[in-house]
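The questions below ask what each label rests on. The answers set a value against its cut-off where one applies.

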Amino acid sequence: MATYYCRKIFGKNFTHNLKTKVCPSYLSTLPKSQLDVAQNEQFLPDESKFKLSNPDAFDVKSMVRIKSLFEAGVHFGHTEGTLDNRMKQYLYGNRLGHLIIDLNHTKRLLQQALNVTAHISYRGGVILFLCQSPLNCLTVENCAKECGEFAHTRYWRDGMFTNSSRIFKSETRLPDLCIVLNTLSSTSKNNSGQHSVLSDAAKMLIPTIAIVDTDANPNIVTYPIPGNDDTPSAINLYCDLFKNVILRAKKVRKEILDKNKISA
């Protein structure tokens, strides 16, 4: 009997059944003005433009330019002796003993990361910025504050994700995305020196975006972005891009909800 109903629900007419059986009960709770809007526009038709399958729903490609990356010093890597072999695929070459990152790779991966960030923000997700560099902590905190998200710029305690209810003495909403502005941390207890949040987020299936310099391991990051993670000008550029794309996604979400007069 259960198999029969499952086949009926998930058959070819699933979309039709969903509109005719589920939607009317929901529509009956709406005022007449909102009911007319919802019926005429078939439930937020504008959302079709912002599906996850759309590679550039929020026009992030126009936000990233090679010239801006170059002027911010994103291409500057560390010295040759500190190279992590897993970063060789993102290198352009070296000059006077210092590694140079290929900005074509940086641009492509940064656009991908911005697109993911926009989709998560558009759907009301919680985004956490992380940085343990004393030089850039204030910049990261201001960035998170201006776009209405969260930041952690202090020492990362083990278990803040995996054992959060015990550490914070209550049920905790974990972030939907972590953006790490400096992958390597001098205060990390890991032998590799990687920021501890990367392993914690992986255990909890939380996607991560991280700036990986030439001495970092990109394989432990969901969306790695090869680039300079030390220079304030580069960090300012990253923060501005992520802040602008988050605000853009939230604006689009608000416009769609206001237009259809349906509360989130």
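Q: Which way do Leu177, Cys178, Ile179 and Val180 point from strand 6, and are they buried or exposed?
A: In this predicted model, Leu177 and Ile179 point one way from strand 6, while Cys178 and Val180 point the other way. All four are buried, and buried means under 20% relative accessible area.

Q: What makes strand 4 and strand 6 a pair?
A: Two strands pair if there are at least two bridges between them. Strand 4 and strand 6 are joined by 4 bridges and run parallel, so they meet that requirement. One of the partnerships links phenylalanine 129 to isoleucine 179 of strand 6.

Q: How do you know that strand 6 pairs with strand 7?
A: There are 3 bridges between strand 6 and strand 7, in the parallel sense; the requirement is at least two. Isoleucine 179 has isoleucine 209 as its bridge partner in strand 7.

Q: How many bridges join strand 7 to strand 8?
A: Strand 7 (residues 208-212) is joined to strand 8 by 4 bridges, and the two run parallel. Here isoleucine 211 has isoleucine 225 of strand 8 as its bridge partner.

Q: In what order do the strands of the open sheet lie, and why are strand 5 and strand 8 called edge strands?
A: The open sheet has 5 strands in the order 5-4-6-7-8, with parallel pairing. Strand 5 (150-152) and strand 8 (223-226) each pair on one side only, which makes them the edge strands. From one strand to the next the twist averages 20°.

Q: Which strands does helix 5 touch, and which does helix 8 touch?
A: Helix 5 (residues 103-122) packs on the sheet and touches strand 4 (127-130), strand 6 (177-180), strand 7 and strand 8. The direction of helix 5 makes about 140° with that of strand 8. Helix 8 (residues 196-203) also packs on the sheet, touching strand 4, strand 6 and strand 7, and its direction makes about 165° with that of strand 6.

Q: Why is helix 6 called roughly parallel to helix 9?
A: Helix 6 (residues 137-146) and helix 9 (residues 232-260) pack at an angle of about 10°, with their axes 9 Å apart. Angles under 35 degrees count as roughly parallel, so helix 6 is roughly parallel to helix 9. Thr139, Val140, Cys143 and Glu146 of helix 6 make the contact with Ile235, Asn236, Cys239, Lys243 and Leu247 of helix 9. By class, the residues of this contact are 5 nonpolar, 2 polar and 2 charged.

Q: What makes the rings of tryptophan 156 and phenylalanine 161 an edge-to-face pair?
A: The structure holds 2 aromatic pairs. In the pair of tryptophan 156 and phenylalanine 161, the ring centres are 5.0 Å apart and the planes are at 80°. Centres within 6.5 Å make a pair, and planes over 60 degrees apart count as edge-to-face, so this pair is edge-to-face.

Q: Why do tryptophan 156 and phenylalanine 161 count as buried?
A: Tryptophan 156 has 3% relative accessibility and phenylalanine 161 has a relative accessible area of 4%. The cut-off for buried is under 20%, so tryptophan 156 counts as buried, and phenylalanine 161 is buried as well.

Q: Why is histidine 78 called partly exposed?
A: The relative accessible area of histidine 78 is 24%. Buried requires under 20% and exposed over 50%, so histidine 78 is partly exposed. Histidine 78 lies in strand 1 (residues 76-79), and the residues that histidine 78 touches include His98, Asp213 and Asp229.

Methods:
Residues are numbered from 1 along each chain as its sequence is written. This is a predicted model: local features need pLDDT of at least 70, side-chain atom pairs count only at pLDDT 80 or more; totals for chains, interfaces and linings use all residues. Side-chain values use heavy atoms; hydrogens and water are left out. Rings of Phe, Tyr and Trp (its six-membered ring) pair if their centres lie within 6.5 Å; planes under 30 degrees apart count as stacked, over 60 as edge-to-face and the rest as tilted. Buried means under 20% relative accessible area, exposed over 50%, partly exposed in between (1.4 Å probe, protein chains only). Axes are lines fitted to C-alpha atoms, for helices over the stretch in contact, and angles run from 0 to 180 degrees between N-to-C directions. Angles under 35 degrees count as roughly parallel, over 145 as roughly antiparallel, 65 to 115 as roughly perpendicular and the rest as oblique. Contact means heavy atoms within 4.5 Å. Ala, Val, Leu, Ile, Met, Phe, Trp, Tyr, Cys and Pro count as nonpolar, Asp, Glu, Lys and Arg as charged, and the others, Gly among them, as polar. Lists of a residue's contacts leave out its neighbours within four places in sequence.
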